[in-house]
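Here's a quick briefing to read with the model open beside you. Grab your viewer and follow along.

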Amino acid sequence: MAIPTQEDTFFPLLDILSHGEPMWYESMRKKTKEVHFMHLESIDLIATHSNGQPLLLNRMGWAKINLAIAGFIRTPVRDAVQITDAGLSVWRKGACRWEDLYATDAWKQKMGSNLPESPQS
């Protein structure tokens, strides 16, 4: 099995936050890894980015940033994250993809409406 993409971490992060209470960022990443990614081969769990950070945790970090841009999570205090009503709505669908992020007004306001071409094109 391959290392999950950033997109593959969107829903698991929302799932861990779905209780609605603020959670420390590092606790969220650890719990997400334990609940959703422990099935990966050990080599995938220890693969590192060029900066030495575990690749899976790096991708979760970028996913957190993009989920926040889309308005699906928020940072109520430094180093804490919390799901928003918009994030809960996406979580209830059972999946979260780039298209869900691009479709939000928050994303369009912050990132513009010019979307990259889909990799399937």
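What follows is a tour of helix packing, the nonpolar core and a few single residues.

Keep in mind that this is a predicted model. Three helix pairs get a closer look: α2 with α4, α1 with α4, and α1 with α5. After that come the largest nonpolar core, which has 28 residues, and four individual positions: Asn-66, Ala-80, Asp-79 and Ser-113.

**How α2 sits on α4**

- Helix α2 covers residues 25-36 and helix α4 covers residues 55-69; their axes come within 11 Å and cross at roughly 120°.
- That crossing angle is outside the 65 to 115 degrees that count as roughly perpendicular and not over 145, so α2 and α4 are described as oblique to each other.
- As for handedness, α2 makes a right-handed crossing with α4.
- On the α2 side, the contact uses Tyr-25, Met-28, Arg-29, Thr-32 and Lys-33.
- Facing them from α4 are Leu-56, Leu-57, Asn-58, Met-60, Gly-61 and Lys-64.
- Sorted by class, this α2 and α4 contact has 5 nonpolar, 3 polar and 3 charged residues.

**How α1 sits on α4**

- The axes of α1 and α4 are 8 Å apart, and the two helices pack at an angle of about 70°.
- With that angle, α1 and α4 are roughly perpendicular to each other.
- Helix α1 brings Gln-6, Thr-9, Phe-10, Leu-13 and Leu-14 to the contact.
- Helix α4 answers with Leu-56, Arg-59, Met-60, Trp-62, Ala-63, Lys-64, Asn-66 and Leu-67.
- By class, the α1 and α4 contact splits into 8 nonpolar, 3 polar and 2 charged residues.

**How α1 sits on α5**

- Here the axes come within 10 Å, and α1 and α5 cross at roughly 115°.
- This pair, α1 and α5, also counts as roughly perpendicular, and its crossing is left-handed.
- Phe-11, Leu-14 and Asp-15 of α1 meet Gly-87, Val-90 and Trp-91 of α5.
- The class tally for α1 with α5 is 4 nonpolar, 1 polar and 1 charged.

**The nonpolar core**

- Which residues touch the most other members of the largest nonpolar core? They are Leu-14, Leu-17, Met-28, Leu-67, Phe-72, Cys-96 and Leu-101, out of 28 residues in that core.
- Two or more residues come from each of α1 (6-17), α2, α4, β3 (80-83), α5 (85-93) and α6 (98-102).
- Helix α4 gives the largest share of the core, with 6 residues.
- As background, nonpolar side chains tend to be buried together in soluble globular proteins.
- Leaving aside neighbours within four places in sequence, Leu-101 is in contact with Phe-10, Asn-66, Leu-67, Ala-70, Phe-72, Cys-96 and Trp-107.

**Asn-66, a residue of α4**

- Is Asn-66 buried or exposed? Asn-66 is buried, because its relative accessible area is 10% and the cut-off for buried is under 20%.
- Asn-66 is found in helix α4, and beyond its neighbours within four places in sequence Asn-66 contacts Gln-6, Phe-10, Trp-98, Leu-101 and Trp-107.
- The C-alpha atoms of Asn-66 and Phe-10 are separated by 8.8 Å, though the two are 56 residues apart along the chain.

**Around strand β3**

- Ala-80 lies in strand β3 and is buried, with a relative accessible area of 4%.
- Setting aside neighbours within four places in sequence, Ala-80 touches Met-23, Trp-24, Tyr-25, Arg-74 and Thr-75.
- Ala-80 and Pro-22 are 58 residues apart along the chain, yet their C-alpha atoms are separated by 6.1 Å.
- Asp-79 sits in the loop between β2 (73-74) and β3, where Asp-79 is partly exposed at 47% relative accessible area.
- What is the phi of Asp-79? It is positive, about 70°, although Asp-79 is not a glycine.
- For context, most residues other than glycine have a negative phi.

**After α7**

- Ser-113 belongs to the segment after α7 (105-111).
- Ser-113 is exposed, with a relative accessible area of 55%.
- From Ser-113 to Leu-13 the C-alpha to C-alpha distance is 25 Å, and the pair is 100 residues apart in sequence.

Notes:
Residues numbered from 1 in each chain as written. Predicted model: local features only at pLDDT ≥ 70, side-chain atom pairs only at ≥ 80, totals over all residues. Heavy atoms only, no water. Axes fitted to C-alpha atoms, helices over the stretch in contact; angles between N-to-C directions. Parallel < 35°, antiparallel > 145°, perpendicular 65-115°, else oblique. Left-handed = near helix turned anticlockwise from the far one by under 90°. Contact = heavy atoms within 4.5 Å. Nonpolar A, V, L, I, M, F, W, Y, C, P; charged D, E, K, R; others polar. Core = buried A, V, L, I, M, F, W, Y, C linked by side-chain atoms within 4.5 Å. Buried < 20%, exposed > 50% of the residue type's maximum accessible area, 1.4 Å probe, protein only.
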